Each structure stands twice: as C-alpha cells, then as structure tokens.
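Open the structure in your viewer and switch to a cartoon view. This tour moves from strands to a pair of helices.

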Amino acid sequence: MCLNPNESAPNPSHFEESEETASAHRDIAWNDYRDLIKGMRFFDPHIHMVSRTTDDYQAMHQAGIVALIEPAFWVGQPRTGLSSFKDYYSSLVGWERFRSSQFGIKHYCTMGLNSREANNEPLAEQVMEILPLYIYKEGVVGVGEIGFDDQTPAEEKYYRLQLELAKEAKLPVQIHTPHRDKKKGTERSMAIAIEHGIDPSWVIVDHNNEETVKSVLDKGFWAAFTIYPFTKMGNERMVKVVEQYGPERIMINSAADWGISDPLAIPKTAALMKMKGISDETIRLVTYQNAIDAFGKSGQIDVTDFEGGYEIDQSAKFHGNSILRGGQQPEPVKDSLVIR
Ligand SMILES: [Zn+2]
C-alpha cells in the first residue's frame, strides 16, 4: 500500500504507510533470542489487546511481558453512538482486564476520546460528559490516547478539554502524535500542554521518531517510541536512538492493534539491544521501569502486583464468564503439535 501523503488515509491504524522509506524490522526467531532476554521483565505501555488473540497473550507472557497499558483508541471505523463508547470503556476496565489476568499479565488502561472521533462534534460532546465516570476507575493510569490526527480545530478543542480533565484528576497524559505532519503536530501538542499548565513530566508523547525525539526530551516530556513492523520506527533504528540519547525518559511500546503489528515488539527490541551491546540497565529502563515511573504518577501502579510474576487463576470468572470453552484444561500445551 502506498498512499499519497497529502491524502487522508481512509482507515489507518497506527501503521499506515507514508513516503518514508520502510525501515528494516528484524524479526528474530524465538529460539534465537529467548536466551538473550532470559529473566527480563517487560512492561508494554501501549497495546490494544481488544484487537488481539489469546495466542498473543500467551506469547507475550512467555516472552516476559508482565504488565501493559491499553489506551482507549479508534477501533477502525467510526462509532455511531454513545453506547459504543460506553461499552468500549467498560471493556477496558472489565472484560479485557480479566482476560489479561488469565494470562498472567497485569492490565492497566488510559481513557480518552481519540483524535479522529473528536471530529464528530455532536458525539464528542456526549463522550466528554461520560469520560469523568471512567477516568477515576481503578487501574486507569492516564488520559489517553489523545492529541492530533488531522490537526483540525475540533481535535484541538477536545484535546484541550481532556488536558483539563487530566489536570483535575491528577492523571498523566498520553499523547498520540499524528502520522502526517508529525513534527508540527508534536510541537503543537507539547505547546498546548504547557499552555494548560501541565508539567511535562506528567506527559508521555507517543509515536516519536528521530525527527521529534530531541525536542521532546529537551522540553522535559517523556518520549515513547512505537516499534512498527515494516514501516516507520523499526527496532534497528530504535537501538540507534537509545545509543544516541541514552535511556532517560525514553520508553518503547508495540502499539499493537487490529492492523499489522507485533505484540512482541518490546522483547524483540530488547534482544536486539542486547546483541548490540546495550547494557542490561538501559534495556530495563526503556522496556520496563520508565513506563512505570511515568504512568505511576497516577498512583494506580503497585509493582508488587506483577514484579514477582502475576498469579493466574484460570478457573476465575468475570460476571460468570470464563475464557475457557467447555471441558478445556486451564493451561493448554502450546508446544504440542497435537491440538486437543
Ligand atoms: Zn494506540
């Protein structure tokens, strides 16, 4: 798919392509890297698990991901009514959190009105009315992902309103920076946050690249990087960013969603960093600790919940529902060729 960058993409996930040259994303076979990261723990601060399968959860758990943050986002097509938002927000603190727990992964989320749907103003108004009902819930570690998509006046209006909401609730802000005109959109997002009196140390600016990172760090914001398979930020480029800037206030995520994406982007990048001689402590900061420090300002993250492994009770139920199908054993044998 090759889009004209001047045209609005019809239905982009985080992974729409641009005129940027595709970068090498090194997909490393599990057997080649798992020893390199043995014993490491990972925290994915941006991943959309409602779009992912139980296989993904299992693979993530096996690769050392112990906790994650699921930002509220665009589901691939416009929602037509408020109820869809309500059900989605409820799933982030309800069923999806339960499902994650069944695979030994602690699940947090951020709540917000995404930038694309901010452009449906009548609906956006209604969403703003219900958002306060969700942002104070347990396990909500920020307002996000919010910011700009096409950089329209409506997007700016609801971005500003949600910054005020975050301030009021004393929650970190997770900013989605636009794929088109990224540099301009990133600068504008930061300037507006500062204008609203938000301390940059409470703001995680996401989807950075080599063009935006310096300014984000210089201004005191957290710089998050999404490892995109095949386009944009590949993990080889990510290693170079960490070599150049060091680990301070930098974190990586997968932003895996319903598009082509990789829920194992963090462990794979950690392995690549290890191969390239980056220290274990630097790897720990950018793949685990920095995300905890940034989103932990919410007061919602207790590392004792997951640092020593997260207890799985696969016989547990959520409102009477289980992830198991009739007669299934709680722990399927994944390595077996025979599917029982
Ligand atoms: Zn996202």
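Two strands count as paired if DSSP finds at least two bridges between them. Keep in mind that this is a predicted model.

**Stop one: strands β1 and β2.** Select residues 42-44, strand β1. Then add residues 65-71, strand β2. The two strands run parallel, and 3 bridges join them. Show D44 as sticks: L68 of β2 stands opposite D44.

**Stop two: the helix in the connection.** Select residues 54-62, helix α2. Together, β1, α2 and β2 form a β-α-β unit, and this unit is right-handed.

**Stop three: strand β3.** Now select residues 106-111, strand β3. Here 5 bridges join β3 to β2, and these strands also run parallel. Show I69 and Y108: Y108 in β3 stands opposite I69.

**Stop four: β2 on its own.** Is β2 buried or exposed? Buried means under 20% relative accessible area. Of the 7 residues of β2, 7 are buried, so the strand is largely enclosed by the rest of the structure.

**Stop five: a helix pair.** Select residues 265-275, helix α10, and residues 280-295, helix α11. What should you look for in such a pair? Two packed helices are described by the angle and the distance between their axes. The axes of α10 and α11 come within 10 Å and cross at roughly 160°. The two helices are therefore roughly antiparallel. The crossing of α10 past α11 is right-handed. To see the contact, show I266, A270, M273 and K274 of α10. Their partners in α11 are D280, I283, V286 and T287.

Terms used. Residues numbered from 1 in each chain as written. Predicted model: local features only at pLDDT ≥ 70, side-chain atom pairs only at ≥ 80, totals over all residues. Heavy atoms only, no water. Buried < 20%, exposed > 50% of the residue type's maximum accessible area, 1.4 Å probe, protein only. Helix = DSSP H or I, 4+ residues; strand = E, 2+ residues; numbered from the N terminus. Right-handed = clockwise from strand over helix to strand, strands pointing away. Axes fitted to C-alpha atoms, helices over the stretch in contact; angles between N-to-C directions. Parallel < 35°, antiparallel > 145°, perpendicular 65-115°, else oblique. Left-handed = near helix turned anticlockwise from the far one by under 90°. Contact = heavy atoms within 4.5 Å.
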